Amino acid sequence: MKKIFSLLLLAMLLISCQKAEVETFTLYYSSSNLAADPNSCNEVFGVERLFVEDYESDEEKLELVISELLKGPTFFEESDGGYSSFFSIDTKDYLSGVELKGKTAYVDFKDFRQLISSASSSCGSSQLLSQLD
């Protein structure tokens, strides 16, 4: 089912954006199905997402990827892969901006401590930082 959905999404992207390139990015989330230790706080696993290359700079590309990360796992990633995250549809607009200086990325988030209050625990903090790293 997941592969069929991905293929349909890719087909729709290709048809609607015939001149645009499609690129795959890997985002990292926790997964209860894949974790060797179900109590692990910092084990993350990659999920691939397809994007239309409609950015003009590396900063725009970084902003696109982080914005997608902040949306959290999709319904299919949660239900089929057991993926989870503090990030969700509620945090999707919490990126203020990004800036690249040389090989260093500066990422500015809006204050989402109220939305992800359990990220302040030692395990929650480890999980959050693993997904952002």
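In what order do the strands of the open sheet of three strands lie? The order is β2-β1-β3, with antiparallel pairing. Welcome to this structure, which is a predicted model. The protein chain has 133 residues, of which 29% are buried, and it holds four helices and five strands. The points below begin with the whole chain and then turn to the sheet, the hairpin, the core, one helix and two residues.

**The chain as a whole**

- If you walk along the sequence, the helices and strands of the protein chain come in the pattern α-β-β-α-α-β-β-β-α.
- Many contacts reach across the sequence: among those in the protein chain between residues at least 6 apart, 59% join residues at least 24 apart.
- The protein chain exposes about 8800 Å², and 52% of that area is supplied by carbon and sulfur atoms.

**The three-stranded sheet**

- Strands β2 and β3 are the edges of this open sheet, since each of them pairs on one side only.
- β1, which covers residues 22–31, is joined to β2 by eight bridges, and the two strands run antiparallel.
- Two places help you find the β1 and β2 pairing by eye: Val 22 stands opposite Val 52 in β2, and Thr 26 has Glu 48 of β2 as its bridge partner.
- Strand β3 takes in residues 83–84 and is joined to β1 by two bridges, again in an antiparallel arrangement.
- To locate the β3 side, look for Ser 30, whose bridge partner in β3 is Ser 84.

**The hairpin**

- β4 spans residues 95–101, and six bridges join it to β5, which spans residues 104–109.
- β4 and β5 run antiparallel and form a hairpin with two residues between them.
- In the turn of this hairpin, Gly 102 has a positive phi of about 65 degrees.
- Further along the pair, Val 98 stands opposite Val 107 in β5.

**The largest nonpolar core**

- As background, nonpolar side chains in soluble globular proteins tend to be buried together.
- Here, the largest nonpolar core has 19 residues, and the members that touch the most others are Leu 27, Tyr 29, Leu 70 and Phe 87.
- Which elements give two or more residues to this core? They are β1 (22–31), β2 (45–52), α2 (58–70) and β4 (95–101).
- The largest share comes from α2, which gives four residues.

**Helix α4**

- Helix α4 runs over residues 122–132, and its buried residues are Gly 124, Gln 127, Leu 128, Ser 130 and Gln 131.
- Why do these buried residues line one face of the helix? Seen down the axis of α4, they fall within an arc of 160 degrees, so they share one face.
- On the other side of α4, Ser 122 and Leu 129 are exposed.
- The cover over the buried residues of α4 includes β1, α2 and β3.

**Leu 132, in helix α4**

- Leu 132 is also found in α4, but it is partly exposed, with a relative accessible area of 33%.
- Leaving aside residues up to four places away in sequence, Leu 132 touches Leu 69, Phe 87 and Phe 109.
- Phe 87 is a residue to remember from the core, where it is among the members that touch the most others.
- Leu 132 and Ile 66 are 66 residues apart along the chain, and their C-alpha atoms are separated by 8.6 Å.

**Glu 23, in strand β1**

- Is Glu 23, a residue of strand β1, buried or exposed? Glu 23 is buried, because its relative accessible area is 18%, and the cut-off for buried is under 20%.
- The side chain of Glu 23 makes a polar contact of 2.4 Å with the side chain of Tyr 55.
- Another polar contact, of 3.2 Å, joins the side chains of Glu 23 and Lys 61.
- Beyond residues up to four places away in sequence, Glu 23 touches Arg 49, Leu 50, Phe 51, Glu 53, Tyr 55 and Lys 61.

How values were computed. Residues are numbered from 1 along each chain as its sequence is written. This is a predicted model: local features need pLDDT of at least 70, side-chain atom pairs count only at pLDDT 80 or more; totals for chains, interfaces and linings use all residues. Side-chain values use heavy atoms; hydrogens and water are left out. A nonpolar core is a set of buried Ala, Val, Leu, Ile, Met, Phe, Trp, Tyr and Cys residues joined through side-chain atoms within 4.5 Å. Buried means under 20% relative accessible area, exposed over 50%, partly exposed in between (1.4 Å probe, protein chains only). Contact means heavy atoms within 4.5 Å. Accessible areas come from the Shrake-Rupley method with a 1.4 Å probe; for residues, only the protein chains shown count as cover. Two strands pair if DSSP finds at least two bridges between them. The arc is that of the directions from the helix axis to the C-beta atoms. A polar contact is a pair of N or O atoms within 3.5 Å; within protein, one must be able to donate a hydrogen and the other to accept it, and residues adjacent in sequence count only if both atoms are side-chain atoms.
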